[in-house]
Amino acid sequence: MLRLIAVTLVGLMLTVAPTFAATKATVNGVPISDIQISQRVKLMKLEGGGTNQKALVQLIEDQLKLQEAKRLGVTISDAQVDDAFQTVARNVKLSTDKLRAVLSQNGVNIDTMKERLRAALAWQAVSTLAIKARVQISDVELDKEAEAALTPDNNFDYILKEVLFVSTGKASPASRTADANRYRSAYKGCDSAVDVSLGFTDAAVRDMGRRHATQLPDAIAGELAKLNVGGITKPRVVETGVSMLAICAKEAAKDLTFVKSKLRNEQGSKAMETEAATYLEELKKKAQIVYN
């Protein structure tokens, strides 16, 4: 009897014994397992693909980011991670439940993605606290680049009205464009904008106020530069329908504000990316990373 019980227990143990994770690397004493690597590879496949080696590198970097955030006194809450997960779902036009289902169907544990998001949030905090201060952008250089970016088309200040032919379920963009062209033929200047619109279905006129050319898309700025006061642009299909811009006032005005702001954002983003990569490499050099 005892022998039978012993055999039975051994059989149960063989049946239900879990698969133990093997440590593939440690980052300052924190282990990274083969199961984590396998899970990260599956997640990376959804993002475009990845190998075991790339997954291991990513996991090591994520651990360094989390550790550095902790050193700086940053804690990422579960609520923040959940909010980030919802943002990802919205960005890919899925509900959170559907996103969970997609992960599950591809063999990805939801915690794998949440840990990825936790590391990303931690790195954002590190960037704000430690990396941003290392980024310097010269106002003198920005002025020079902004001056060089000005063209004859974007040296004007406008007061504009938008005439919008709203798309409805029955009206195609082509039919709305035809309506807009008929409007242009009847249009006699900003003072007549609203009155002319009354002769059309689902046509709206709104004041856009003052706009400098540098605040507008290049194609529109180029078209407006060729028009006089009282002119109106050709119809353009937009998300909500068909749009035209009417010029109520126009004067030459060099304004570097918007150009400088755009350049500052572009240069700042590039500089932050470079500095963040440098900072991460510094963390790697200082860390004790052991491969098994």
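**Entry 1. The β1/β2 hairpin**

I began with the turn of the hairpin of β1 and β2, where two residues lie between the strands and Asn-28 takes a positive phi near 50°. The model is a predicted one, and I read the hairpin with that in mind. I then looked up the pairing: strand β1 (residues 23-27) and strand β2 (residues 30-33) run antiparallel and are joined by four bridges. Val-27 stands opposite Val-30, and I found Pro-31 of β2 to be the bridge partner of Thr-26.

**Entry 2. The sheet around the hairpin**

I next asked which sheet holds these strands, and in what order. They belong to an open sheet of three strands, ordered β2-β1-β7 with antiparallel pairing. β2 and β7 (289-291) each have a single partner strand and stand at the edges, so one side of each has no neighbour in the sheet. On average, neighbouring strands of this sheet are turned by 20° against each other, direction ignored. I noted that α2 packs on the sheet, where it touches β1 and β2, and that its direction makes about 55° with that of β2.

**Entry 3. Nonpolar cores**

I looked up the largest nonpolar core, which has 35 residues. The members that touch the most others are Ile-32, Ile-37, Met-113, Trp-123, Val-126 and Tyr-279. Two or more residues come from each of β1, α2 (34-47), α3, α4 (78-91), α5 (96-105), α6 (110-131) and α11 (257-286). I recorded α6 as the source of the largest share, eight residues.

I followed Ile-32 further. Leaving aside neighbours within four places in sequence, Ile-32 is in contact with Ala-22, Thr-23, Lys-24, Ala-25, Val-27, Ile-37, Leu-56, Leu-59 and Ile-60. Another core of 13 residues lies apart from the largest one, and its members include Val-163, Cys-190, Ala-193 and Ala-246.

**Entry 4. Helices packed on α6**

How do α2 and α6 cross? I found that their axes come within 10 Å and cross at roughly 80°. Angles of 65 to 115 degrees count as roughly perpendicular, and therefore α2 is roughly perpendicular to α6. Gln-39, Arg-40 and Leu-43 in α2 meet Thr-112, Met-113 and Arg-116 in α6.

I then turned to α4, which packs against α6 at an angle of about 105°, the axes being 9 Å apart. This angle makes α4, too, roughly perpendicular to α6. On the α4 side of the contact I listed Asp-78, Gln-80, Val-81, Asp-82, Ala-84, Phe-85 and Val-88. They meet Ile-110, Met-113, Lys-114, Leu-117, Arg-118 and Leu-121 in α6. Met-113 thus appears in the contact with α2 and in the contact with α4.

**Entry 5. The chain as a whole**

I counted eleven helices and seven strands in the protein chain. Of its 292 residues, 35% are buried. Among contacts between residues at least 6 apart in sequence, 73% join residues at least 24 apart.

**Entry 6. Confidence**

I closed with the pLDDT values. The protein chain averages 85, and 83% of the residues score at least 70. Which elements have the lowest and the highest mean pLDDT? Helix α1 (residues 2-16) has the lowest, 36, and helix α3 (residues 52-71) the highest, 95. Over residues 1-18 pLDDT stays under 50, and the model has one contact beyond four places in sequence for this stretch. Where pLDDT is low, predicted coordinates should not be read in detail. I have therefore left the coordinates of residues 1-18 unread in detail, as their pLDDT stays under 50.

Terms used
Residues are numbered from 1 along each chain as its sequence is written. This is a predicted model: local features need pLDDT of at least 70, side-chain atom pairs count only at pLDDT 80 or more; totals for chains, interfaces and linings use all residues. Side-chain values use heavy atoms; hydrogens and water are left out. pLDDT is the predictor's confidence in each residue, from 0 to 100. Contact means heavy atoms within 4.5 Å. Two strands pair if DSSP finds at least two bridges between them. A nonpolar core is a set of buried Ala, Val, Leu, Ile, Met, Phe, Trp, Tyr and Cys residues joined through side-chain atoms within 4.5 Å. Buried means under 20% relative accessible area, exposed over 50%, partly exposed in between (1.4 Å probe, protein chains only). Axes are lines fitted to C-alpha atoms, for helices over the stretch in contact, and angles run from 0 to 180 degrees between N-to-C directions. Angles under 35 degrees count as roughly parallel, over 145 as roughly antiparallel, 65 to 115 as roughly perpendicular and the rest as oblique.
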